[in-house]
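Colleague: I should be grateful for a close look at one part of this model, explained step by step for a first-year student. Please continue from there to related features elsewhere.

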Amino acid sequence: MRTTLVLRALPPLWAALCALAAASALTLLHGESPRELYRLLWAGTWGSAYGIGQVLFKATPLLFCGLGVAMALRAGLFNIGAEGQITVGAFAAALSGAALPAATPAWLALPTVLLCAFGAGAALGAVAGLFRWLAGAHEVIVTMMLNFVVRAAMVGLGGHVFLRESVHTAPVVAGAELPRLSRYLPALHGSAANASLLLGLLVCAGCALLLSRTRAGFVLRTLGSNEEAARAAGVHVGRTWTWALALAGGVAGLGGTNFVLGYKHYYEDGFSGGVGYMGIAVAVLGHNRPLGVLLAALLFGTLSQGGLAVHALVPRELIDVLTAVVLLTLAASQPAVQRLLQAQPGARREKEQDEKDKEGP
Amino acid sequence: MSASWLLGLGVTTLRLGVPYIMAALGGTVSERAGVINIALEGLLLLSALAAALGAPHGAAAAALAGLGAGLAAAAVFGLLTVLLRANQVVCGVAMFLLADGLSRFLLKVVYGSTSNSPRLGQLEGHWAPLFVTGALLAGLLLHGLLGATTFGLRLRAVGEHPAAARSLGVPVHRVRLLAVLLSGLLTSVGGIWLVFDQRQFVALMSGGRGFIALAAMIFGGWRPLGAVGAALLFALAEALAVRLQAQGLPLPNYAVQMLPCGLTLVALGLRGAMGTRGSRPPAALGQPLD
Amino acid sequence: MSAPPPLCEAVDLSVRYGSLWANRGVSLAVRPGEVVALVGENGAGKSTLLHALYGLVPLDGGQVRYHGQPVVPSPQRAIAAGLGLVHQHFMLVPPLTVAENVILGQEPRKHGLLDRRRAEEEVRALAVRHGLAIDPRRPVADLSVGEAQRVEILKVLYRGARLLILDEPTAVLTPAEAEGMLRVLRQLVSDPAGGRGLLLVTHKLDEVMAVADRVVVLRQGELVASLPAQACSPAEIARAMVGRELQPVRRHPRPAGPAEVALAVHELVVERDGVRRLDGVTLQVRAGEVLGIAGVEGNGQTELCAAVMGLLPVRSGSVQLASAAGLRDITHLPVRARREAGLAWVPEDRHRHGLVLDFSLADNLLLGHEGAFCTGWLPWLQVIDRRRLLRHGRQLLDEYDIQPPEVQAPARALSGGNQQKLVVARELSAQPRVILAAQPTRGVDVGAIQTIHAQLLGARDRGAAVLLVSAELDELQKLADRIAVLYRGRIRAVLDNPPSCPVQRARLGELMAGGMA
């Protein structure tokens, strides 16, 4: 059991090492000292209360997007579309929040706006699910195409709804705003961390409960683990694909609240900064489990905030490279670990069994 | 609609078609060997970036740098997916993220801009005939490679039933690795062309063409000539929009940008509605062999 | 001593999987001109021995010699030494042609290109010479199983194999095809110029008697007998294989008087990949009856079960299931509704259709029976009642003697027999009206076979209708009240099989090969 845990911890450690190496190499390439890089990185993130607040702020959309990717992956679907989903979610939240009467109380405004964000993301996810179900089109291509379509469409729509001479919409009504965490924890003063994080934690717990306790979650996991067995057990595969991707898209769409409801209070072009793609790495690092995704989101949130902290030293695009490096090393080390796990006594029974099965009839 | 207009449309189609064709061919050769290649977009971007970085030393240096980058990126991808048996979809997406991040990083480092390089004057010249002919020829050559050579036979066998191929002494990993490398080489030509055509590097200048090429490959039924045909269809749509816009049709930019992707979705939907009629993916697609 | 050395030899060979010895101290030699039959029960270690000789699994002890020379076996060395292995499952690339499949890896070339014409000529000549006539240009996907088997033999002959190693070559052939195949093999070996030998794995004793010079019996990984074929009887071999007397499972005669029809299939036509797999199948299974489906694999059994379960679209015809209000048409119902109407399925491939190997035993018992263990008003937010599920699970594990009796263990950790018992337990536990059991004892140990047979008969005695698809004639004779023979997607005949006077095997074999009813 203990060896199992150690083995499972190996890929993330290995990925961290590779990321460190890549970061150092790129920093040297840029003519700066890696040591200085790491000092700045620490000081700008966990080294101060403000930094921690900013890490939490950065981690929030990553948590939503990571969950969006992970929930789809648990159903056996590769949702590359979190980027588009969080974009339409944020857009829908901003438009609906701005359209409400100014005096709308929070108890009415917030649920309305959240529902719009969820619904927009879910609709986009459902499209990919329907394509997979009815046209047999691979969800990777479809969700990626939708990302590009959304990107272009936002430029087009923005022309109609953005305020004059700006690239953002009108602000949402006061009732739809999410409070900053610094209101309750004064130490975080100045940081943009807001109640969207709490919403994220709720959604995270909800996903965990859904997966482990409910019939829907069971169906979803069955489909992701063995599609044919699911079919034989009476699962309607196409319908499940659709609602799983809708759920995933909705969760990712809710991630838009962090920026729109909790920070700037409006939708701004290019707000996402690629969190949807980073969400893929978050999900893979978190083993598609809600708790794992939460931890991975914190890690990538740290990197993301760290990127800003070191921006004076090296371009913050460095962080995007590191994300990819982490993803590649994780993907590369997982099969090897799987093999090591199966080589353990006790786990070898399965292999032996497969061999024996080949004997019959 | 005059003959010269149609001719112009044809030329534009061919010109715009090069990256689609090359990436679709790259996808075809890789997937026929059983390796899902979502990395095409990343390969396009990386080779374009390298070509731009090599451009100050002349056009030949730019082309060589682009090919080298495509080959190197494909080598990494092949190493991870074939030898280490990493998840092919995850790695493909990661290659895209790596290419996007690295190109933005290097844009900043080298040119001090986050969005684009300056104009690369060294690339002036009439490259289009060369690249267009090359792309069409590559389709024919790949068709011949798959059908008429021992390597092609082995490649197809490895993509359909690797265990059977191995039981006959075919080195499955080596064949797959070579296929991925060839895929990188082919795709990089598309990336190089993007830079030669626009004479500068722009962040995310591949604009989803790698992913659209995947769709073209599927439409082409995983066959080289089919992939070329489907790629030209996508290019035709884009060319039509570009030319109509140039003639003053009130077509906003974002609509032109959206068109290829939207069209891909429509086409995927139509393909589903019409049925696949005998074109099916290689049987061992996405399955590593241990 | 002028006798040539054995083509291949195992000396005290051992292979271990974890704590289990798949082969232990096995010594065996095959000489030119000799046919050695390797027999044994499921899981006795026959395939492992072949794979060890061929270098596909590493040795944990002992030695392998090719032509008298000790070697560390590997497929490349084996091929170079003239060994040719024909796997139990076809190792053919379906979209490629016969010739391409045969030459793959050793292709004739001309000007650096593939010399297709020479390849086709060589393959045709080879086929004619050995009586394995086949058109080298046809894609393998279009071949019948018998023809595909010929391509497998051609592949090893093309590589100049002198020792042919065949793993159950006749398992998927009709009796007539099997006979032809054995004749060809016998000729290959008896040709004195060829100097060839044959090592044949089978569990059909009549084949052994027909073709083998020597019989080698494996039991639980150990070699328990090596006898000249002429000097022993099938009964002797069977005893050596099993090693103990089995308690027969007894089937009580069906009570007299008509029972209601529980499953009625009428003129069912099913197509898959453009090929008609079921061509107007009509059959009825009554409550309290086992209807056996006999047939060589690939004659529509898989499609019959899948279509009745609702996993394959039906082209025409109907499927009806008994309900409280008489027979009800379920032809177009989804799988879930059919299950709720009282249909259960023990699939032939438990890993593919029956289990989720990463799930716990409890979760696997929940599969397909979510409705029984979930509560809540919102249908898609129903909560799983874990306590009840675990209690139910422990009870079933106990009843079916599933080892280890740990409901939280992953299904992966179970042996094949226990996995199969788990599937049977789940499917029978919901008191279904109709049970489709496809190859329910394939690849499982003797103990599990007994449990499964007893449980199936128990369900029948409680009034369930059982449709039993099996490739084992023994199993059909033992369990089925009637036996229907499926041939090329049609029911050839339905024979009564009362316990007092079972159907003759020869008669079944004839019908399975397409003989007239």
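Colleague: What span should the 26 residues of helix α3 of chain A have at 1.5 Å a residue, and how far apart are its end C-alpha atoms?

Modeller: The model is a predicted one, and the answer begins with simple arithmetic. The expected span is 1.5 Å times one less than the number of residues, so the 26 residues of helix α3 of chain A, from 49 to 74, should span 38 Å. The C-alpha atoms at its two ends are 35 Å apart, which agrees with that expectation. The helix nevertheless has a kink of about 25° at A:Ala59, shortly before the proline A:Pro61. As for its surroundings, α3(A) is mostly covered, with 21 of its 26 residues buried. After the helix comes A:Gly76, whose phi is positive, near 85°.

Chain A also holds an aromatic cluster, made up of A:Phe57, A:Phe91, A:Phe162, A:Phe259, A:Tyr263, A:Tyr267 and A:Phe271. Over all chains, the count comes to 13 aromatic pairs. One of them joins A:Phe259 and A:Tyr263 in an edge-to-face arrangement, 5.7 Å centre to centre, with 75° between the planes. The two partners can be classed by accessibility: A:Phe259 counts as buried because its relative accessibility is 10%, whereas A:Tyr263, at 28%, counts as partly exposed.

Chain B offers another pair, B:Phe131 with B:Phe196, which is tilted: the ring centres are 5.5 Å apart and the planes make 55°. B:Phe131 belongs to helix α5 (residues 128-148) and B:Phe196 to helix α8 (residues 172-198) of chain B, so this pair ties together parts that are 65 residues apart in sequence. Both of these phenylalanines are buried.

The backbone of chain B deserves attention as well. B:Arg199 has a positive phi of about 55° although it is not a glycine, and its place is in the loop between α8 and α9 of chain B. With a relative accessible area of 17%, B:Arg199 is buried. B:Trp222 likewise is not a glycine, yet has a positive phi of about 60°; this residue is in the loop between α9 and α10 of chain B. B:Trp222 counts as buried because its relative accessibility is 6%.

Chain C turns the discussion from helices to strands. Strands of a sheet pair through backbone hydrogen bonds, either parallel or antiparallel. In chain C, six strands form an open sheet with mixed pairing, in the order β6-β9-β10-β3-β11-β12. Its edge strands are β6 (83-86) and β12 (222-228), each of which pairs on one side only. On average, neighbouring strands of the sheet are turned by 15° against each other, direction ignored.

At one edge, β6(C) runs parallel to β9 (residues 163-167) of chain C, and four bridges join them; C:Leu83 stands opposite C:Leu163 there. Helix α5 (residues 145-158) of chain C packs on the sheet and touches β6 and β9, its direction making about 165° with that of β6(C). At the other edge, β11(C) and β12(C) pair in the antiparallel sense over six bridges, with C:Leu218 opposite C:Leu223. These two strands form a hairpin with two residues between them, and C:Gln220 in the turn has a positive phi of about 45°.

Notes
Residues numbered from 1 in each chain as written. Chains lettered and ligands numbered in written order. Predicted model: local features only at pLDDT ≥ 70, side-chain atom pairs only at ≥ 80, totals over all residues. Heavy atoms only, no water. Pairing = 2+ DSSP bridges. Axes fitted to C-alpha atoms, helices over the stretch in contact; angles between N-to-C directions. Contact = heavy atoms within 4.5 Å. Bend = angle between axes of the 7 residues up to and from the residue. Buried < 20%, exposed > 50% of the residue type's maximum accessible area, 1.4 Å probe, protein only. Phe/Tyr/Trp six-rings, centres within 6.5 Å; stacked < 30°, edge-to-face > 60°.
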